[in-house]
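Trainee: Could we go through some labels on this model together? I would like to see what stands behind each of them.

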Amino acid sequence: VAGRHEQTGLNGPLIEELAESLEADDDANVARQGEVSSWDTADFVEAVEATGRNTLVIAGAWTSFCVAFPALQATADGYDVVVVMDASGDVSKMASDVAIERMVAEGIVPVITNTFLSEAHRTRNRPDAAEWGVLYGEVSPGFRAVTENF
């Protein structure tokens, strides 16, 4: 589920690559009306609840609020939350570090993309291993370099 800002608002339109990936599933693309935290948007929370899942994976433009606010709120509501740090940004390393410390203190788990992918696919001995390899190559040029050498 993606909570995106209004297209004509302060943040402007959603980046093209993300907009294209969300077009396939309009139910997962929830527009916000200016709320800083996606968790303050009732439609967003309802869409999350409708998935029936208890673990949320969150990334966002600004770690210190786009990520931290909904992560903290969802955790308070009983969800397990994982935040993908290298898929999120912030105004400074200090801002990101402080946000991570705040989230970790509440039980939120910070990871990087490679860690998240490895935990999700669990083994390379699977029928779709080549598809996972392509995904790894897209997010980790070092992984692509290693696999191209074998």
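Mentor: Happily; we will take salt bridges, then a helix, then a charged patch. This is a predicted model, where local features need pLDDT of at least 70, side-chain atom pairs count only at pLDDT 80 or more, and totals for chains, interfaces and linings use all residues. Residues are numbered from 1 along each chain as its sequence is written, and side-chain values use heavy atoms, leaving out hydrogens and water.

Trainee: Why is the contact of Lys93 with Asp97 called a salt bridge?

Mentor: The term asks for a side-chain nitrogen of Lys or Arg within 4 Å of a carboxyl oxygen of Asp or Glu. The closest N and O atoms of Lys93 and Asp97 are 2.7 Å apart, so the label applies. Arg126 and Asp128 also form one, at 2.4 Å from N to O; a search of the whole structure finds two.

Trainee: What makes Lys93 exposed?

Mentor: Exposed means over 50% relative accessible area, buried under 20%, and partly exposed in between (1.4 Å probe, protein chains only). Lys93 has 62%, so it is exposed, whereas Asp97, with 28%, is partly exposed.

Trainee: How do you know that Trp132, Tyr136 and Gly137 are on the same side of H6?

Mentor: These three are buried in helix H6, residues 129-139. They cover an arc of only 140° around the axis, which puts them on the same side. The other side has exposed residues, including Ala130 and Glu131.

Trainee: Which residues gather in the patch of negative charge on the surface?

Mentor: Asp43, Glu46, Glu49 and Asp77 do. Asp43 is partly exposed, at 49%.

Methods
Helices (H or I, at least four residues) and strands (E, at least two) are DSSP runs, numbered from the N terminus. The arc is that of the directions from the helix axis to the C-beta atoms. Patches are made of residues with over 30% relative accessible area and no salt bridge: like charges are joined within 9 Å, nonpolar side chains (Val, Leu, Ile, Met, Phe, Trp, Tyr) within 5 Å. Accessible areas come from the Shrake-Rupley method with a 1.4 Å probe; for residues, only the protein chains shown count as cover. Lys and Arg count as positive and Asp and Glu as negative; His and the chain ends are not counted. The place of a charge is taken as NZ of Lys, CZ of Arg, CG of Asp or CD of Glu.
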